[in-house]
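Trainee: Got a minute to go through a model with me? I'd like to start with the charged side chains.

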Amino acid sequence: MQTREGPVLWEQTQGCPQGSCNGSAFWNIVADEILSVKWPQGVHLQAFADDFAFIVIDNTREGPRKFNKLALDKFKEWADKNKLHISMGKSSYVLFSELVRGPTIKWGKPIN
């Protein structure tokens, strides 16, 4: 940045402040990578501002568990790569199913 005293440089280690002029453009560049992923049939990622929603559709008992794991693992990999924190307190899921008990959905790899 140019100042009266000359140019000022600093190392950028985190994102832009919320509401900044360029924040939306920078976020679009980062989010474009995960939004460009070719998901398997039945998996769709939708974004609105800085929120994401996966829609997973499958007619088998095992499909939702398998597809949710695949989607969340890939999403976590992208978030970690971009040093993004996912708030588990703000995260939720809704299951629409005739199954008596739906699949268990977990964030990240299980701890051994």
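Trainee: So how many salt bridges does the structure hold?

Mentor: There are 4 salt bridges, a salt bridge being a side-chain nitrogen of Lys or Arg within 4 Å of a carboxyl oxygen of Asp or Glu. Keep in mind that this is a predicted model, where local features need pLDDT of at least 70, side-chain atom pairs count only at pLDDT 80 or more, and totals for chains, interfaces and linings use all residues. Residues are numbered from 1 along each chain as its sequence is written, and side-chain values use heavy atoms, with hydrogens and water left out.

Trainee: Which residue does R65 form a salt bridge with?

Mentor: R65 pairs with E62, and their closest N and O atoms are 2.3 Å apart.

Trainee: Is R65 buried or exposed?

Mentor: In between: R65 is partly exposed, at 37% relative accessible area. E62 is partly exposed as well, at 42%. The cut-offs are under 20% relative accessible area for buried and over 50% for exposed, with partly exposed in between (1.4 Å probe, protein chains only).

Trainee: What does K69 meet in a salt bridge?

Mentor: K69 meets D73, at 2.7 Å from N to O. Both residues sit in helix α2, residues 63-81, and they are 4 residues apart, about one turn of the helix. Helices (H or I, at least four residues) and strands (E, at least two) are DSSP runs, numbered from the N terminus.

Trainee: And D73, buried or exposed?

Mentor: D73 is buried, with a relative accessible area of 16%. Its partner K69 is partly exposed, at 37%.

Trainee: What about K76, which residue is its salt-bridge partner?

Mentor: That's D80, with 2.8 Å between the closest N and O atoms. K76 and D80 are both in α2, 4 residues apart, again about one turn of the helix. K76 counts as partly exposed at 24% relative accessibility, and D80 does too, at 44%.

Trainee: Why would side chains like that pair up?

Mentor: Side chains of opposite charge can pair when their charged atoms come close.

Trainee: OK, changing topic. What pattern does the chain follow along the sequence?

Mentor: The pattern is β-β-α-β-β-α, with 2 helices and 4 strands in the protein chain.

Trainee: How many bridges join β3 to β4?

Mentor: 6 bridges link β3 (residues 43-48) with β4 (residues 51-56), and the two strands run antiparallel. Two strands count as a pair if DSSP finds at least two bridges between them. The hairpin has 2 residues between the strands, and A49 takes a positive phi there, near 55°.

Trainee: Which residue in β4 is the bridge partner of V43?

Mentor: V56. Leaving out residues up to four places away in sequence, V43 also touches F54, I55, F67 and A71, where contact means heavy atoms within 4.5 Å.

Trainee: Which residues make up the largest nonpolar core?

Mentor: It has 9 residues: I34, W39, V43, L45, F67, A71, F75, W78 and A79. The elements giving two or more residues to this core are β3 and α2, and α2 gives the most, with 5. A nonpolar core here is a set of buried Ala, Val, Leu, Ile, Met, Phe, Trp, Tyr and Cys residues joined through side-chain atoms within 4.5 Å.

Trainee: And what share of the protein chain is buried?

Mentor: Buried residues make up 17% of the 112 residues in the protein chain.
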